[in-house]
Amino acid sequence: MVNPLHIFYIGKDTLFTRQMLRQLDIGRNRFHRHPLYRRWSHYAYNNPVARNAERMAEKIAEYGPSLTIIIPLMFGLSALLFGKQGFAVAVSVTAALFALLSLVVLVGALSLATGLSAWAVARERLEGRWDLVMLIPKDRATVLWMRVSSMLHPYRPMMVTLEVLQNGLAIVAVFIVAIGNVDDSRLGVCLAFFIPALVLISWERYQDYALGVVSGTLMGLQFDDRRAFSLSLAATGFIIALRMAFVMIAYGISTPPGGFETVVPGFIGGVTVLPMVGIPLWACLVVGSVYVALREAVIALLWRASLRLIDNPSE
């Protein structure tokens, strides 16, 4: 009997996202004992943010459960002391904090991947070491990804934490929307699509990371460090805007039940959560297929453009 998950993983390995991330791992594994890699890693870790990146998940696990007590308590006290008006204010404040937290985690991991990739390559070029780095007797593409991975590796625990938090906030937003528009069929779709959505939304985070790395690397190969960093942040905004555009397209062509709030989980988590908020499955398949294919094509184009620029980066 054929295992569907086995087919899924084989198909996933053929995508440019997987190939590009594998190149990052190969670069790090081949050079992790190299003196130059150790120097770069020491430089990357010589930062309080990088040194404490692994503790971010511990802090969330430590203080996160307190919110499950504080938020209901705040709702109850506001209703008790100020009535319906106070309760409405508490709900508004919580919604604003939820939106702010969603924005932070939405931009956080992606901007770290893009900005640090651009900074890593641009600094080597600015300090005049790039030609010497390219003389290392290894495949030049591997050397390039080794330099990028040496900068990203210390921050990867923080990025993963932000990605998991982003996925969690998207699922919370899904159920808030579903509860606000209670419908037996809607709740049934949410429950049926919950596990596939977790798999697909995790893959979308892999694509986000790959997009950030290849776009930042390309900026670092072409521009100085300040300009590369600023352009990498602009690339982050473009990636997020592209996601929102496809979510709006899916919403526009399907006219789902409910109001405009149904697109909020898609803005946070991506196109893969849309079936859970009432967007018809046919619209999700059409828009989602184009969305994933377009992002894969962009990753492939940026990756190949970066490899072409290794020998002759713009000054």
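Here is a short back-and-forth about a predicted model and the reasons behind some of the labels used for it.

User: What are the elements of the protein, helices or strands?
Analyst: Helices. The protein has 12 helices and 0 strands, and from the N terminus on the elements read α-α-α-α-α-α-α-α-α-α-α-α.

User: Why is α2 called oblique to α12?
Analyst: Start with how such a pair is described: two packed helices get an angle between their axes and a distance between the axes. Here, the axes of α2 (residues 16–31) and α12 (residues 281–309) come within 9 Å and cross at roughly 40°. Angles under 35 degrees would count as roughly parallel, and 65 to 115 as roughly perpendicular. The crossing of roughly 40° falls in neither range, so α2 is oblique to α12.

User: Which residues make that contact?
Analyst: On the α2 side you have Phe16, Thr17, Gln19, Met20 and Gln23, and on the α12 side Glu296, Ile299, Ala300, Trp303 and Arg304. By type, the residues of the contact of α2 with α12 split into 5 nonpolar, 3 polar and 2 charged.

User: Why is Thr217 called buried?
Analyst: Buried means under 20% relative accessible area. Thr217 has a relative accessible area of 0%, so the label fits. Thr217 sits in helix α9. Leaving out residues up to four places away in sequence, Thr217 touches Ser117, Ala118, Val121, Leu144, Trp145, Val148 and Ser306. Across the protein, buried residues make up 45% of the 315 residues.

User: How do you know that there is a cavity?
Analyst: Rolling a probe the size of a water molecule over the atoms shows where empty space is left. Searching the whole structure turns up 1 cavity of 30 Å³ or more. The largest cavity holds about 90 Å³ of space.

User: What makes up the lining of the largest cavity?
Analyst: Leu106, Ala109, Leu110, Ala113, Glu163, Gln166, Arg205, Asp208, Tyr209 and Arg243 line the largest cavity. At least two lining residues each come from α5 (56–126), α8 (156–180) and α9 (184–222), and α5 gives the most, with 4 residues.

User: Which lining residue of the largest cavity is the polar one, and why does Tyr209 not count as polar?
Analyst: The lining divides into 5 nonpolar, 1 polar and 4 charged. Tyr counts as nonpolar, so Tyr209 goes with the nonpolar residues. Gln is on neither the nonpolar nor the charged list, so Gln166 is the polar one.

User: What share of the contacts in the protein with a separation of 6 or more is between residues 24 or more positions apart?
Analyst: Such pairs account for 80% of those contacts.

Definitions and conventions:
Residues are numbered from 1 along each chain as its sequence is written. This is a predicted model: local features need pLDDT of at least 70, side-chain atom pairs count only at pLDDT 80 or more; totals for chains, interfaces and linings use all residues. Side-chain values use heavy atoms; hydrogens and water are left out. Axes are lines fitted to C-alpha atoms, for helices over the stretch in contact, and angles run from 0 to 180 degrees between N-to-C directions. Angles under 35 degrees count as roughly parallel, over 145 as roughly antiparallel, 65 to 115 as roughly perpendicular and the rest as oblique. Contact means heavy atoms within 4.5 Å. On a 1 Å grid over the protein atoms alone, a cavity is a set of points where a 1.4 Å probe fits but cannot get out, and a pocket is an open set with protein on both sides within 12 Å along at least five of seven lines; lining residues have an atom within 4 Å of a point. Grid points are joined across faces, edges and corners, and a volume is the space filled by probe spheres set on the points. Buried means under 20% relative accessible area, exposed over 50%, partly exposed in between (1.4 Å probe, protein chains only).
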